[in-house]
Amino acid sequence: MITPRTTGIIGVHLWGRAAPVKELEAIAKEHKLRLMFDSSHGFGCSLDGALLGGFGECEVFSFHATKFFNTFEGGAVVTDNDVLAEKMRLMRNFGFSGYDNVIYPGTNGKMTEISAAMGLTNLEDIGDFVETNRRNYHCYRDAIASVRGLSILEYDESEHNNYQYIVMEVAPYFPASRDRIVEVLHAENVLARRYFWPGCHNLEPYRSYYPHAGLVLPNTKLVAERVVVLPAGASISQQAIFGITTILRTLATNGNER
Ligand SMILES: *Cc1c(COP(=O)(O)O)cnc(C)c1O
């Protein structure tokens, strides 16, 4: 995918599972590209025991309300590059240096007090959130383990994980299609979601800019058609998870029939 116009690579720690950092570093070095990471899902997760946040030139976390660690809205850029850090600080506050001197382009990217307070409060309970998410993950995984054609994306338990996403893959031979599964779950008021579907490249304005993008993204297409993300988080009970997995097991037997 590297062309003469390529200047950098953004690795994504998808679902909190680390991107192939070493491999991306090697590619970036060989082609003299910048390397940064989208760590929106990566809070509290590790690679070879090292917490995400220290790889590449910088890593960018999201603290949006749907993420593992949230401040309602917001995020953080983590870097050990002092020059980049200084630029980011300037950009956060309109490029102001001192009282009435603007030296850099900027925007209003300051975190509000109430968001910071939310974050500090969440930090106190972060261990409990991991524990609850881990319990939910095992609960789903064990209940679905014996269903042919459904699998839960696994976390490497020798690493730190936040277990925030319960990602189910539907094999092509499963008796119900992925879309049918989502339809049935919605009918039962279970708000499961197709995720990263149908893919940025299939939505405007990118679809018009790059009409042929789909031709070079065969793996994206394959995965986007198979994935369902199941309800998770601190407020879901094990009882509810048993209910959801019972629906899935019923679909394994009855398929697309109503
Ligand atoms: C949520 C998310 C973002 C965007 O984060 P914001 O804080 O909403 O800007 C980017 N990448 C991934 C993979 C995400 O899940």
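In this predicted model, the buried residues of helix α3 are Ser115, Gly119 and Asn122. Viewed down the axis of α3, these buried residues fall within an arc of 65 degrees, so they line one face of the helix. The general geometry of helices helps here: an α-helix has 3.6 residues a turn, so residues three or four places apart point the same way.

It is worth turning the helix around as well. Which exposed residues does α3 carry on the face turned away from its buried side? They are Glu113, Ile114, Leu120 and Glu124. On the buried side, the cover over the buried residues of α3 includes α4, which runs over residues 126-144. As for its dimensions, α3 spans residues 113-124, 12 residues in total. From its first C-alpha to its last it reaches 17 Å, close to the 16 Å expected at 1.5 Å a residue.

Let us step back to the whole protein. There are 8 helices and 9 strands, and the C-alpha trace spans about 70 × 45 × 35 Å along its principal axes. Of the 258 residues in the protein, 35% are buried. Among contacts between residues at least 6 apart in sequence, 58% join residues at least 24 apart.

Next comes the largest pocket, which holds about 1,500 Å³ of space. It is lined by 40 residues, and the closest to its centre are Ile10, Val12, Cys200, Leu217 and Thr220. By class, the lining of this pocket has 24 nonpolar, 11 polar and 5 charged residues. Which element gives the largest share of that lining? That is β1, with 5 residues. Strands β1 (8-12) and β8 (166-170) and helix α7 (218-224) each supply at least two residues of the lining.

The backbone also has some spots to look at. Most residues other than glycine have a negative phi, and most peptide bonds are trans. The table gathers four places in this model that depart from those habits.

| Place | Feature | Value |
|---|---|---|
| Trp197 to Pro198 | cis peptide bond | omega near 5 degrees |
| Glu204 to Pro205 | cis peptide bond | omega near 0 degrees |
| Asp48 | positive phi, not a glycine | about 50 degrees |
| Asn189 | positive phi, not a glycine | near 65 degrees |

Where do these sit along the chain? Pro198 lies in the loop between α5 (178-187) and α6 (206-209). Pro205 is also found in the loop between α5 and α6, and Asn189 has its place in that loop too. If you have the structure open, the α5 to α6 loop therefore brings together both cis prolines and Asn189.

Asp48 is found elsewhere, in the loop between β3 (46-47) and β4 (50-51).

Are the two residues with positive phi buried or exposed? Asp48 has a relative accessible area of 59%, so it is exposed. Asn189 is at 65% relative accessibility and therefore counts as exposed. The cut-off behind both calls is a relative accessible area over 50%.

Notes
Residues numbered from 1 in each chain as written. Predicted model: local features only at pLDDT ≥ 70, side-chain atom pairs only at ≥ 80, totals over all residues. Heavy atoms only, no water. Helix = DSSP H or I, 4+ residues; strand = E, 2+ residues; numbered from the N terminus. Expected span 1.5 Å × (residues − 1). Buried < 20%, exposed > 50% of the residue type's maximum accessible area, 1.4 Å probe, protein only. Arc of directions from axis to C-beta. Contact = heavy atoms within 4.5 Å. 1 Å grid on protein atoms, 1.4 Å probe; cavity = no way out; pocket = protein on both sides within 12 Å on 5 of 7 lines; lining within 4 Å. Points joined across faces, edges and corners; volume = space filled by probe spheres on them. Nonpolar A, V, L, I, M, F, W, Y, C, P; charged D, E, K, R; others polar.
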